[in-house]
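Trainee: Could you take me through one part of this model slowly? I'd like a close look at the sheet and whatever sits around it.

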Amino acid sequence: MMHKVLIIDDEPWSRQVIRALGLWESLELKVVGEAEDGTAALQLIEELQPHIVVTDMRMPGVDGVELLQALSERFPLLKIIVMSGYDDFVYMKQAIQSRAADYLLKPINPEDLNAALAKCIRELEDTEAILNTSWRTPLAFADTHVLDQYHDYREQVFGYLLELNIQAVQHIFEKLGPFLESMLLHSHDRNILVKFGHDFILMLEEFVAENEIGFEHIWSEGNRDSLMTARWQSVSEAIGDISQFYGDAIKAMVQIRKDRKHLDLNEVKAHIDHYYQDPISLETIAQHFFISKEHLSRSFKVFTGENMSDYMIRKRMEKAKGLIVEQGLAIKHVAQMTGYADIAYFYRVFKKYYGFTPGQLRKDD
């Protein structure tokens with residue numbers, strides 16, 4: 001599959017450099033457009049539906065921080081590669097918070113750029129492997145642009161379903177309303193609403209099954225069957241029913257996770273691996289998994305052979321050392337980027353872990 005890339009930078013020469021450095025053909029990528037500011041970028045993303053954006057952070061209008069926030073909220077499956085300078089710590093922090101795939105320092109190194117693009121492709125393929133099963137095949141619209149739009153809505157719903165984010169899922173269904181209205185106006189297929197309903201019901205059922213949650217905990221058989229045989233008279237009626245169906249399912253899944261006696265330690269470990277650069281703690285992790293701190297701490301030690309606090313410190317210290325040695329970042333920035341708001345405390349933890357201070361590490365390098 002050819003993946004689409006959008007380049008965002010207010011300097012034309014900088015966009016040309018990215019075009020020149022990328023191994024587009026060998027990576028099976030296609031640059032579908034360029035934008036010179038965040039406002040234009042958001043519009044082009046809506047129109048072109050790229051899979052990857054490569055964006056600078058210093059731009060007029062909607063700047064990089066605002067753009068990343070908007071992309072994170074509106075396009076959860078979009079892969080983002082951020083470009084900026086050494087001194088733009090605020091931007092780097094926002095890139096991390098927005099789960100950017102990579103952060104490249106200017107001037108751009110071609111190996112770093114292509115490694116970041118390859119990483120994005122791997123992540124996209126992993127997502128597509130999940131999405132690209134038979135039950136997730138979108139409705140067959142003749143117009144490829146319409147098909148892409150519909151597929152994008154489905155991917156957004158699925159992305160927020162993974163997060164059990166009920167508000168975001170229902171917001172996407174609201175956006176689907178005008179899209180379906182347009183389809184009814186321009187299509188001869190009078191069964192679009194039925195096909196739409198079946199498509200999203202099957203997607204949700206498969207998700208529930210993959211998470212090993214019994215259907216009986218979420219819907220009665222009658223409720224499900226009534227939806228599968230429904231003949232909606234309007235888009236608003238169809239959207240309302242399906243949105244409610246998803247809302248009930250997400251609420252039930254959240255409650256089931258709260259009530260579960262079994263703690264999935266692999267899930268806990270994956271959570272720490274993903275968020276250790278944020279100021280998480282035993283307490284916040286316990287709250288996230290609806291379990292006591294004491295039980296979580298004991299279970300994690302048995303599972304990994306390592307105390308949770310020691311595990312988080314190791315992850316953070318390894319990351320901190322890399323940021324100091326490989327990227328040459330200021331130590332106060334390294335502290336913040338590895339979850340330490342208090343730089344003095346970061347110094348103490350670092351010295352205790354390595355036996356020398358961050359400053360000594362830089363001198364020895």
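Mentor: Let's start with the sheet, then move to the loops beside it and finish with the helices.

A word on the ground rules: this is a predicted model, so local features are kept at pLDDT of at least 70, side-chain atom pairs at pLDDT 80 or more, and totals for chains, interfaces and linings use all residues. Residues are numbered from 1 along each chain as its sequence is written, and side-chain values use heavy atoms, with hydrogens and water left out.

The protein chain has 17 helices and five strands; helices (H or I, at least four residues) and strands (E, at least two) are DSSP runs, numbered from the N terminus. The five strands form an open sheet in the order 2-1-3-4-5, with parallel pairing, where two strands pair if DSSP finds at least two bridges between them. Strand 2 (29–35) and strand 5 are at the edges with a single partner strand each, so one side of each has no neighbour in the sheet. From one strand to the next the twist averages 20°.

Now zoom in on strand 4 (residues 79–84). Six of its six residues are buried, buried meaning under 20% relative accessible area, exposed over 50% and partly exposed in between (1.4 Å probe, protein chains only). Look at the two faces in turn: Lys79, Ile81 and Met83 are on one side, Ile80, Val82 and Ser84 are on the other, and all are buried. So what does strand 4 pair with? Strand 3 (residues 52–56) runs parallel to it, joined by five bridges, and Ile52 stands opposite Lys79. Strand 5 (residues 102–105) also pairs with strand 4 in the parallel sense, this time over four bridges. Along that seam, Val82 has Tyr103 as its bridge partner, while Met83 stands opposite Leu104.

Helix 1 (residues 12–21) lies across strand 1 (3–8), strand 2, strand 3 and strand 4, and runs at about 180° to strand 2. Contact here means heavy atoms within 4.5 Å; axes are lines fitted to C-alpha atoms, for helices over the stretch in contact, and angles run from 0 to 180 degrees between N-to-C directions.

The loops next to the strands are worth a pause. Glu28 is in the loop between helix 1 and strand 2, and its phi is near 60°, positive in a residue other than glycine. Glu28 counts as partly exposed because its relative accessibility is 45%. Gln49, in the loop between helix 2 (38–48) and strand 3, is not a glycine either and has a positive phi of about 50°. With 13% relative accessibility, Gln49 counts as buried. Past strand 5, check the backbone at Pro107, in the loop leading to helix 5 (110–131): the peptide bond from Lys106 to Pro107 is cis, with omega near -5°.

Next, the cores. A nonpolar core is a set of buried Ala, Val, Leu, Ile, Met, Phe, Trp, Tyr and Cys residues joined through side-chain atoms within 4.5 Å. The largest one has 37 residues, of which Phe173, Leu176, Phe196, Phe200 and Tyr246 touch the most other members. Helix 6 (144–162), helix 7 (166–186), helix 8 (192–210) and helix 10 (235–259) are the elements giving it two or more residues, and helix 7 gives the most, with ten. Leaving aside residues up to four places away in sequence, Leu176 touches Tyr150, Tyr153, Phe196, Phe200 and Ile239. A second, separate core of 21 residues includes Val5, Ile18, Trp24 and Cys120.

One helix pair to finish: helix 11 (residues 265–275) and helix 14 (residues 308–325) pack at an angle of about 35°, with axes 10 Å apart. Val268, Lys269, Ile272 and Asp273 in helix 11 meet Met308, Tyr311, Met312 and Lys315 in helix 14. By class, that contact has five nonpolar, no polar and three charged residues; Ala, Val, Leu, Ile, Met, Phe, Trp, Tyr, Cys and Pro count as nonpolar, Asp, Glu, Lys and Arg as charged, and the others, Gly among them, as polar.

Stepping back to the whole protein chain, buried residues make up 47% of its 365 residues. Of its contacts with a separation of 6 or more, 67% come from residues 24 or more positions apart.
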